[in-house]
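Biologist: May I ask for a close look at a single part of this structure, with its place in the rest made clear? Please take the surroundings of one short element and connect them to the remainder of the chain.

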Amino acid sequence: MVEPLVILIGMFTASYLIGGISFARIISRLISPGLDVAQVQIPIDQSSETYSAVSIGANSASSVLGAKWGMIIALLDILKVFVPTLLVRLFFPDPLFFGGVALTGMAGHIWPVYYRFHGGSGYSAAVGGLLAIDWLAVLVTPLAGIILGMVILRNVTVAILSWMWLLIPWFWFRTHNIWFVFFAVGINILFFLAMIPEFKVMLKFKKEGRLMEYGRGNLKSNPMGRGFLKIAKIFKINV
């Protein structure tokens with residue numbers, strides 16, 4: 001009889017390796033041979049300067065391939081975590097099992113062994129795991145985050161990121177199961193760690209007094225960011 005720990009390790013390893021598949025790199029090279037999406041340059045607003053994209057995922061790929069391919073890559077990144085998590089949930093309906101698979105898939109996306117541990121921010125991968133665990137959270141928490149950021153605090157960064165923070169109270173009030181709460185905390189920890197290189201870039205531009213220009217350039221460089229800029233304009237938020 002196979003020990004549960006062996007099964008668990010096997011699941012986590014497999015989900016990490018699947019999560020590490022970089023569709024941003026694969027698709028970009030298929031569409032434009034010779035293109036290295038890891039070398040994508042993000043412009044600084046109101047400047048001719050650029051900086052290298054920190055995260056390699058759907059957003060960075062969409063900045064050079066366009067919104068259509070960016071959406072396809074995001075969908076594939078979602079599916080590579082959604083499918084393993086759903087399969088494990090169907091056959092091993094224990095939050096420790098399927099929650100762990102979702103988190104290790106996200107970790108693989110952020111730190112893929114195939115690419116010297118240089119991957120994406122984990123945004124799409126987190127959505128993939130959530131869709132298999134609680135699809136309603138994918139609808140409710142981003143909407144709540146937009147309301148919190150745009151309407152209440154009038155801050156675009158909060159609007160973009162707060163949906164992940166809101167997952168923690170969401171899972172507690174929805175399930176009252178500590179394992180689901182740990183899963184939500186895990187998503188936030190992984191995303192925070194993934195964003196550390198981006199935070200370092202932000203601090204650099206803040207010291208130079210160009211944080212706003214960096215932020216606008218970053219948002220304008222990809223479809224999701226441009227979408228948030230349009231929402232900010234509706235609510236008359238200065239970005």
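Modeller: Contact here means heavy atoms within 4.5 Å. Leaving aside neighbours within four places in sequence, serine 15 is in contact with Val101, Thr104 and Gly105. The model is predicted, so local features need pLDDT of at least 70 and side-chain atom pairs count only at pLDDT 80 or more, whereas totals for chains, interfaces and linings use all residues. Residues are numbered from 1 along each chain as its sequence is written, and side-chain values use heavy atoms, with hydrogens and water left out.

Serine 15 belongs to helix H1 (residues 4-19); helices (H or I, at least four residues) and strands (E, at least two) are DSSP runs numbered from the N terminus. Serine 15 has a relative accessible area of 2% and is therefore buried. Buried stands for under 20% relative accessible area, exposed for over 50%, and partly exposed for what lies in between (1.4 Å probe, protein chains only).

The part I propose to examine closely is helix H9, which spans residues 211-220. Its buried residues are Tyr214, Arg216, Gly217 and Leu219. What covers these residues includes strand S1 (41-43), strand S2 (50-52), H7, H8 and helix H10 (223-234).

One of the contacts between H8 and H9 can be followed through valine 201. This residue lies in helix H8, and with a relative accessible area of 16% valine 201 is buried. Not counting residues up to four places away in sequence, valine 201 touches Tyr51, Val54 and Tyr214. Of these, Tyr214 is among the buried residues of H9. By contrast, valine 201 and serine 60 are 15 Å apart in space, C-alpha to C-alpha, and 141 residues apart in sequence.

H7 and H8, which both help to cover H9, also pack against each other. Helix H7 (residues 156-175) and helix H8 (residues 178-207) have axes 8 Å apart and meet at an angle of about 170 degrees. Axes are lines fitted to C-alpha atoms, for helices over the stretch in contact, and angles run from 0 to 180 degrees between N-to-C directions. The two helices are therefore roughly antiparallel, a label for angles over 145 degrees, whereas those under 35 count as roughly parallel, 65 to 115 as roughly perpendicular and the rest as oblique. On the H7 side the contact residues include Leu161, Trp165, Ile168 and Trp172, and on the H8 side they include Phe180, Ala184, Ile187 and Phe191. In an α-helix there are 3.6 residues a turn, so residues three or four places apart point the same way.

Salt bridges provide further links around H9. A salt bridge is a side-chain nitrogen of Lys or Arg within 4 Å of a carboxyl oxygen of Asp or Glu, and the structure holds seven of them. Aspartate 45 forms one with lysine 220, the closest N and O atoms being 2.9 Å apart. Aspartate 45 lies in the loop between S1 and S2 and lysine 220 in helix H9, so this pair ties together parts that are 175 residues apart in sequence. Aspartate 45 is buried at 12% relative accessibility, while lysine 220 is partly exposed at 42%.

A second salt bridge joins arginine 210 to glutamate 49, with 2.8 Å between the closest N and O atoms. Arginine 210 is in the loop between H8 and H9 and glutamate 49 in the loop between S1 and S2, 161 residues apart. Arginine 210 counts as buried at 19% relative accessibility, and glutamate 49 as partly exposed at 38%.

Elsewhere, arginine 174 pairs with aspartate 134 in a salt bridge whose closest N and O atoms are 2.7 Å apart. This pair links helix H7, which holds arginine 174, to helix H6 (residues 123-152), which holds aspartate 134, across 40 residues. Arginine 174 is partly exposed at 46% relative accessibility, and aspartate 134 is buried at 6%. Salt bridges that share partners join Glu49, Lys204, Glu208 and Arg210 into one network.

For a part outside these surroundings, consider helix H4 (residues 67-91), where leucine 75 is found. Leucine 75 is partly exposed, with a relative accessible area of 48%. Methionine 71 is also in helix H4 and is exposed, with a relative accessible area of 63%. Its C-alpha atom is separated by 8.8 Å from that of asparagine 59, twelve residues away along the chain.
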